[in-house]
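Please look over the structure below. The report that follows covers side-chain pairs, the sheet, the surface and confidence.

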Amino acid sequence: TTTEEPTTVASTTEEPTPTPLFMQALRVEVDPLIVARELMESVSLSCIITGGEATSFSWSRDDPTRRSLPSHAVVTENRLQFTSLERGDEGTYVCRARGPQGDATARGTIDITNLLAPQANLVASATTVCIGEPLELRCDVFNSVNSVVWTKDGRPVD
């Protein structure tokens, strides 16, 4: 007697291999990279996404001694704007973008051209005085300075 083995036909439906999903790395750049302006002119730097997705932006100075932005700088979403440049605004600024893929930073530089030298105009209440009489001196300063120091014979006056 012969016994036949039953024949089993297996049918499988193959699932397609899922395509791996890669998130594109977050990349940003600042436009313009370097900008030169004169005092009192306006300027803006934009943080532009060149890859990935950003959920937030922040701006700071690239200077460890003064990271915070000048009080007159305006940040709107990804843009840093100055409506009237001051001498202390010159420098490099950092845009930091944050997203699901991580953080990315880029730098942009503001150069101030034609920095005008400070000018002072000394005004006296009188041109001639006698010993013991009061004399008022006023120093009018132009082109922005941080401080004025009075000296007499090369030594600071209190």
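Asp 140 is partly exposed, because its relative accessible area is 22% and the buried class ends under 20%. Its salt-bridge partner is Arg 138, with the closest N and O atoms 3.0 Å apart. Arg 138 is partly exposed too, at 43% relative accessibility. Both residues belong to a model that is predicted, not experimental.

Which residues are joined into one network by salt bridges that share partners? They are Arg 96, Arg 98 and Asp 103. Within this network, Arg 98 bridges to Asp 103 at 3.8 Å between the closest N and O atoms. Arg 98 is partly exposed, with a relative accessible area of 33%. Asp 103 is also partly exposed, at 47%.

Asp 63 and Arg 66 make another salt bridge, at 3.3 Å from N to O. Asp 63 has a relative accessible area of 22%, so it counts as partly exposed. Arg 66 is partly exposed at 37%. In total, the structure holds five salt bridges. Side chains of opposite charge can pair when their charged atoms come close.

The table lists three of the pairs.

| Salt bridge | N to O distance | Relative accessible area |
|---|---|---|
| Arg 138 and Asp 140 | 3.0 Å | Arg 138 43%, Asp 140 22% |
| Asp 63 and Arg 66 | 3.3 Å | Asp 63 22%, Arg 66 37% |
| Arg 98 and Asp 103 | 3.8 Å | Arg 98 33%, Asp 103 47% |

Now the fold. How many helices and strands does the protein have? The count is zero helices and twelve strands. Read along the sequence, the pattern is therefore β-β-β-β-β-β-β-β-β-β-β-β.

Four of the strands form an open sheet. Their order is β1-β3-β6-β5, with antiparallel pairing. Why is one side of β1 and of β5 left without a neighbour in the sheet? β1 (27-31) and β5 (74-76) stand at the edges, and each has a single partner strand, so one side of each stays free of a neighbour there. From one strand to the next, the twist averages 20°.

Strand β3 covers residues 43-51 and pairs with β6 in the antiparallel sense over four bridges. Val 43 has Phe 82 of β6 as its bridge partner. Strands of a sheet pair through backbone hydrogen bonds, either parallel or antiparallel.

Next, the surface. A nonpolar patch is formed there by Leu 122, Val 129, Leu 135, Leu 137, Val 141, Val 148, Trp 150 and Val 157. Together these residues have about 650 Å² of accessible area. One of them, Val 129, sits in the loop between β9 and β10 (137-142). Is Val 129 buried or partly exposed? Val 129 counts as partly exposed, because its relative accessibility is 34%. Across the whole protein, 18% of the 158 residues count as buried.

Last, confidence. The protein averages a pLDDT of 83. A score of at least 70 is reached by 80% of the residues. Where is confidence lowest, and where is it highest? Confidence is lowest in strand β9 (residues 119-124), with a mean of 78. Confidence is highest in strand β6 (residues 79-82), at 96. Strand β6 is also the partner of β3 in the antiparallel pairing described above.

Methods:
Residues are numbered from 1 along each chain as its sequence is written. Side-chain values use heavy atoms; hydrogens and water are left out. pLDDT is the predictor's confidence in each residue, from 0 to 100. Helices (H or I, at least four residues) and strands (E, at least two) are DSSP runs, numbered from the N terminus. Two strands pair if DSSP finds at least two bridges between them. Axes are lines fitted to C-alpha atoms, for helices over the stretch in contact, and angles run from 0 to 180 degrees between N-to-C directions. Patches are made of residues with over 30% relative accessible area and no salt bridge: like charges are joined within 9 Å, nonpolar side chains (Val, Leu, Ile, Met, Phe, Trp, Tyr) within 5 Å. Accessible areas come from the Shrake-Rupley method with a 1.4 Å probe; for residues, only the protein chains shown count as cover. A salt bridge is a side-chain nitrogen of Lys or Arg within 4 Å of a carboxyl oxygen of Asp or Glu. Buried means under 20% relative accessible area, exposed over 50%, partly exposed in between (1.4 Å probe, protein chains only).
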